[in-house]
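Here is a short tour of the model in front of you, written with a computational chemist in mind. We will start where two chains meet and then move on to packing and backbone geometry.

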Amino acid sequence: MPSDTVLIIGGGPAGLTAARAVGELGGRALVVETRERLGGMPDEANYAALTPDFRPASEAVAEMVAAVEALPGVSVRTSTRVTAREGEAGDFRLTLASGEATEVVEAGAVIIATGFQHFDPGRETQMYGYYEYEDVLTLQDLEAQLKEHRVVVPSTGKAPETLCFIQCVGSRDRRIGNTWCSKVCCGIASKEAIEVKRLAPQCKVFIFYIDMRMYGFWEDQLYWKAQEEHHVQFIRGIVTEVIRRGEKLVVKGEDTTMGRPVEAPMDMVVLSVGMEPSRGTVEMSKVLGVPLESHGFIAAPGNPLDTVTTEVPGIFVAGAAAGPKDLEDTVGMAGLAAARAVALLRTAASTAQPVG
Amino acid sequence: MTVPVVREATPERKAEIFGKVVADVRFQDYVHGCYECGICVAACPSARFYDFSPRKITQAVCREDLDLFWEHVNVDVWNCSQCFSCDRCPRGNSPGGLITIMREVAVTAGLRSAKEALEGGERVVYKIMSTGTQVSPDMLQPEAFPDWGPDVQDVSRNLDLWRRALPPETLHTTTTAWEIDDKTLVELYLIWHMTGVLDMIKAVDEGLHMILNDVMEELLEDHDIVVS
């Protein structure tokens, strides 16, 4: 008998949106999340405000979780992993492990929503001194400060007088093997720069970039706003290294549009780390037998017109498990994945009914 | 060719001059933010012949880079022909307008570089402002325009001869000119008084200001007009 349940792996924005859509379409969904609670990366990495509307992330996440919990057709298992798959589309049997306990559940379709992880700036390269200097942070480290409505230099506890972002750390880099653009870091750095200027107006804020990729409305909502209203300085040129000189960090780079070298003292350096396939994404590829594309994310061979269908019938993908995504793309994909999964289940159910 | 020297200035002086530019009422309309795309340079005739970039001038101001701004306000702004070809910026900036402000600030703040840059214009200003009519070739000071090339020296030296080779009488000299009627001249004089142009000339060249003022006062008095 075909199962009427969509198993959704991952309880972040993609998984929660997919679960809500399945529930609202009258289907049954089971959300499996390895962490002890729902919310995904915005919750795990302490995001302060969403891009581009500056809405508190915790508020938005709580709303997504509440919407899912209110639907009778949706159930949730936290602190649970998927460890094995058997069966085919319409009739999957998946092993769930929670601590020592395991259980096999049935599902007609699966949506992989296992997201991304932030590039580790200590991997492959140490030139920015992330593990060496306390005052070198990542985007999400700064988010954690912003969530508490403060910006402080970790080594002194004081507000910074100079702060810079370095873009494309772990992205667009053949040397480290991540050749893709992570899509959101330009917008997020600009958003954080605005938040820094709001909290510490006297601080001089710089963004060192290769290209500013501020597509769509982010152009004037974030880039122009940062530059024109908050006087954030965008310098085209990537920093080659961060060194310590006395009390300050010094960033060395080239101001390419002005044609001159730059050596600027900074109180804080924020690395705009990109997106990599999360451990969960890589693991689910193996457990479910779903191929990855060349960058290591879940392959959706029907791209660009079908963003959610993987190479395994009945298994769909949503959000950053399939590659770098902003929230708009993520929730859009989640809706499509839910629709495809529910459609598959209904077709399976109708063809399985005895005739006459 | 002499290159004007950017004199050393204190950071306070640079900040003061920069502050005057930013405080100008037009600044908000002329400078938003710079993409550094170069469309203004691509359109700029001066940029084709000089080491001149309206982008760098705008960029330095956006970046609040006082040292670079100081260089620009002393040297580069005088390489602009104020044609406003650069008014095609996708961000709505007007580099030419910014340069107008920077020039005015350079003059009114009495930067020595501004005086030097305008030296060659003394006779031109005198002719236009006193007679209300055009510049004529015999007023050129060839040494003030080295970038016009070597021919201008030769032409200036033998201008009478060249002139005699032209069939019609051009009236195009300092001593002859198309006549401007008094009503127009009075209007022009009043405009220069009331808009502060004369004050600006005073800041650059007191001698020229004195001569112009005398000429203007005489005509204005004839028409019973008193300007303070």
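## Where chain A meets chain B

A good place to begin is A:Lys204, which pairs with B:Glu64 in a salt bridge whose closest N and O atoms lie 3.9 Å apart. Please keep in mind that this is a predicted model. A salt bridge is counted here when a side-chain nitrogen of Lys or Arg is within 4 Å of a carboxyl oxygen of Asp or Glu, so the 3.9 Å pair of A:Lys204 and B:Glu64 qualifies. In general, side chains of opposite charge can pair when their charged atoms come close.

How many salt bridges does the rule find across the interface of chain A and chain B? There are 4, while the structure holds 35 over all chains. The interface of chain A and chain B also has 11 residue pairs in polar contact, with both residues at pLDDT 80 or more.

Which elements of chain A supply the residues that touch chain B? Strand S11 (204–209), helix H6 (218–229) and strand S12 (233–236) each give at least two residues to that side. The largest share, 5 residues, comes from H6(A). By class, the side of chain A that touches chain B is made up of 6 nonpolar, 4 polar and 6 charged residues.

As for its extent, the contact draws 16 residues from chain A and 16 residues from chain B. Together the two chains bury about 1300 Å², and carbon and sulfur atoms give 35% of that area. Within chain A, the residues that lose the most area to chain B are A:Gln233, A:Thr257 and A:Met258, which together account for 41% of what that side buries.

## The partner chain

Chain B has 14 helices and 0 strands. Its C-alpha trace spans about 50 × 45 × 35 Å along the principal axes.

## A helix pair inside chain A

Back in chain A, helix H1 (residues 13–24) packs against helix H3 (residues 57–69) at an angle of about 35°, and their axes are 9 Å apart. The crossing of H1(A) and H3(A) is left-handed. On the H1(A) side the contact involves A:Pro13, A:Leu16, A:Thr17, A:Ala19 and A:Arg20, which meet A:Met64, A:Val65, A:Ala67 and A:Val68 of H3(A). Sorted by class, the residues of this contact are 7 nonpolar, 1 polar and 1 charged.

A:Arg20 has another role to note: its side chain meets that of A:Glu24 in a salt bridge, at 2.9 Å from N to O. Why are A:Arg20 and A:Glu24 separated by about one helical turn? Because they are 4 residues apart in helix H1 of chain A.

## Backbone points to check

Most residues other than glycine have a negative phi, and most peptide bonds are trans. The table gathers two cis bonds of chain A.

| Cis peptide bond | Omega |
|---|---|
| A:Thr51 to A:Pro52 | near 5° |
| A:Asn303 to A:Pro304 | about 5° |

A:Pro52 sits in the loop between helix H2 (40–44) and H3 of chain A. A:Pro304 belongs to the loop between helix H7 (279–288) and strand S18 (315–317) of chain A.

Finally, take a look at A:Cys168, a residue other than glycine whose phi is positive, near 60°. A:Cys168 lies in strand S10 (residues 162–169) of chain A.

How values were computed: Residues are numbered from 1 along each chain as its sequence is written. Chains are lettered from A and ligands numbered from 1 in the order in which they are written. This is a predicted model: local features need pLDDT of at least 70, side-chain atom pairs count only at pLDDT 80 or more; totals for chains, interfaces and linings use all residues. Side-chain values use heavy atoms; hydrogens and water are left out. Axes are lines fitted to C-alpha atoms, for helices over the stretch in contact, and angles run from 0 to 180 degrees between N-to-C directions. A crossing is left-handed if the near helix is turned anticlockwise from the far one by less than a right angle, and right-handed if clockwise. Contact means heavy atoms within 4.5 Å. Ala, Val, Leu, Ile, Met, Phe, Trp, Tyr, Cys and Pro count as nonpolar, Asp, Glu, Lys and Arg as charged, and the others, Gly among them, as polar. Buried area is the accessible area (1.4 Å probe) that two parts lose on being put together, summed over both. A polar contact is a pair of N or O atoms within 3.5 Å; within protein, one must be able to donate a hydrogen and the other to accept it, and residues adjacent in sequence count only if both atoms are side-chain atoms.
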